[in-house]
Amino acid sequence: MAGRLHELIHTALRHHDVCAADEATWRQSWLARADARLKLAFLCVAIVTNLVSATWITSAAAVAISLVGLALGQKRPLPGIALRLVPAIFVVAPLVVIRSLMGPPPYVVEWDVGLFALHVSGPGVAASTLLAWKVAAGLSLVLLVVTTAPVPQVLDALRWYRVPEPAIEVASLMYRYFFVLAEEGERLSNAQRLRSRKRGLLRHAQELSTTIGSLLIRAYDRAERVQGAQALRTGTGLRRRTFRGSLRWDHVGAAAAALSILASTVRL
């Protein structure tokens with residue numbers, strides 16, 4: 001079942017793995033050439049605007065801006081963009097159901113079955129719908145920045161914004177270790193699949209738990225080696241990359257126009 005799901009995702013979205021997604025992020029385009037500092041500033045302002053807004057129109061505008069930026073600025077296919085927004089459904093669905101069933105009256109649907117009663121609240125449905133829009137907008141904005149800004153540039157931008165150096169170092173190690181984990185996990189998964197003769201959900205769960213356990217043990221071992229290497233390299237005067245260029249006015253104008261559209265939809 002997991003193999004079929006993986007094939008389905010790979011068919012709909014070819015660049016869903018870590019290595020291919022990172023390679024696609026480095027692809028040059030108009031949006032990718034924008035300064036990472038400007039992207040982070042735009043992301044922060046857009047997310048705050050989305051959160052303080054009392055209407056779903058702001059969230060819809062944020063989703064539209066992200067889709068236009070990814071489709072035109074980064075030239076990503078719309079099916080792939082929509083598939084990357086699927087995780088928002090798993091986050092929003094339980095919240096929407098709980099908020100709809102536990103909201104105040106008046107009720108839209110009232111269903112009594114013996115000792116059980118199911119009441120769908122009208123204000124709860126309205127609040128859950130707004131919550132769903134906000135989650136989708138926030139995820140789409142983060143996806144816009146992550147898909148168009150390579151992680152090293154984002155880390156340099158965070159350093160320019162005076163983010164504490166230990167936090168940047170930890171984020172840098174996590175980013176570099178993603179590729180190690182992806183390669184090691186694929187190798188262990190292929191070995192388990194070649195050695196396994198039985199099929200079934202229970203057998204697949206056992207294989208998955210064994211693979212995850214082995215992956216965690218190897219990850220801990222490699223993490224200790226990486227920490228030792230980092231400790232040995234401390235104090236060698238590593239050069240820090242800094243931004244030497246200036247912001248382009250067309251990029252600043254595009255970001256300002258997008259923020260103006262979001263701000264014009266806010267009703268406090």
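**View 1. Val142 sits in helix H7.**
This is a predicted model. Val142 has a relative accessible area of 34% and is therefore partly exposed. Set aside the neighbours within four places in sequence, and Val142 is in contact with Leu43 and Ile47. Leu40 is 102 residues from Val142 along the chain. The C-alpha atoms of Val142 and Leu40 are separated by 9.5 Å.

**View 2. Phe42, Leu141 and Leu262 have the most contacts inside the largest nonpolar core.**
This core holds 24 residues. At least two of them come from each of five helices: H3 (36–52), H4 (56–73), H7 (122–148), H8 (151–160) and H11 (249–264). H3 provides the largest share, 6 residues.

**View 3. Leu262 touches residues that lie more than four places away in sequence.**
Its partners are Ala46, Thr49, Thr58, Ala61, Ala62 and Ile65. Residues up to four places from Leu262 are not counted here. Leu262 is also among the residues with the most contacts inside the largest nonpolar core.

**View 4. Asp156, Arg159 and Glu165 are linked in a network of salt bridges.**
Side chains of opposite charge can pair when their charged atoms come close. Arg159 takes part in both of the links described here. The side chains of Arg159 and Asp156 meet at 3.0 Å, N to O. Those of Arg159 and Glu165 meet at 3.2 Å, N to O. Arg159 and Asp156 both belong to helix H8. They are 3 residues apart, about one turn of the helix.

How is the network placed with respect to the surface, buried or exposed? Both Arg159 and Asp156 are buried. For Arg159 the relative accessibility is 18%, so this residue falls under the 20% limit for buried. Glu165 reaches 28% and therefore counts as partly exposed.

**View 5. Asp250 and Arg248 form a salt bridge.**
Their side chains meet at 2.7 Å, N to O. Asp250 has a relative accessible area of 34%, so Asp250 is partly exposed. Arg248 has a relative accessible area of 40%, so Arg248 is partly exposed too. The count of salt bridges comes to 4.

**View 6. Trp160 and Tyr161 form an edge-to-face aromatic pair.**
A search of the whole structure finds 2 aromatic pairs. In the pair shown, the ring centres are 5.0 Å apart. The angle between the planes is 80°. Why does this pair count as edge-to-face? An angle of 80° is over the 60 degrees that the label requires. Trp160 is partly exposed because its relative accessibility is 42%. Tyr161 is partly exposed as well, at 38%.

**View 7. Eleven-residue listing of a nonpolar surface patch: Val97, Ile98, Leu101, Met102, Val108, Val109, Trp111, Val113, Leu115, Phe116 and Leu118.**
The patch covers about 1200 Å². Which elements each supply at least two of its residues? They are helix H6 (86–101), strand E1 (107–113) and strand E2 (116–121). E1 gives the most, with 4 residues.

Val113 is one of the patch residues and is found in strand E1. Its relative accessibility is 43%. That value makes Val113 partly exposed, because the class runs from 20% to 50%. A patch residue must have over 30% relative accessible area, and Val113 is therefore above that cut-off.

**View 8. Val109 lies in strand E1 and belongs to the nonpolar surface patch.**
Val109 has a relative accessible area of 40%, so Val109 is partly exposed. What does Val109 contact, leaving aside its neighbours within four places in sequence? The contacts are Leu118, His119 and Val120. One of these, Leu118, is also named in the nonpolar patch. His119 is 10 residues from Val109 along the chain. The C-alpha atoms of Val109 and His119 are separated by 5.6 Å.

Methods
Residues are numbered from 1 along each chain as its sequence is written. This is a predicted model: local features need pLDDT of at least 70, side-chain atom pairs count only at pLDDT 80 or more; totals for chains, interfaces and linings use all residues. Side-chain values use heavy atoms; hydrogens and water are left out. Patches are made of residues with over 30% relative accessible area and no salt bridge: like charges are joined within 9 Å, nonpolar side chains (Val, Leu, Ile, Met, Phe, Trp, Tyr) within 5 Å. Accessible areas come from the Shrake-Rupley method with a 1.4 Å probe; for residues, only the protein chains shown count as cover. Buried means under 20% relative accessible area, exposed over 50%, partly exposed in between (1.4 Å probe, protein chains only). A nonpolar core is a set of buried Ala, Val, Leu, Ile, Met, Phe, Trp, Tyr and Cys residues joined through side-chain atoms within 4.5 Å. Contact means heavy atoms within 4.5 Å. Rings of Phe, Tyr and Trp (its six-membered ring) pair if their centres lie within 6.5 Å; planes under 30 degrees apart count as stacked, over 60 as edge-to-face and the rest as tilted.
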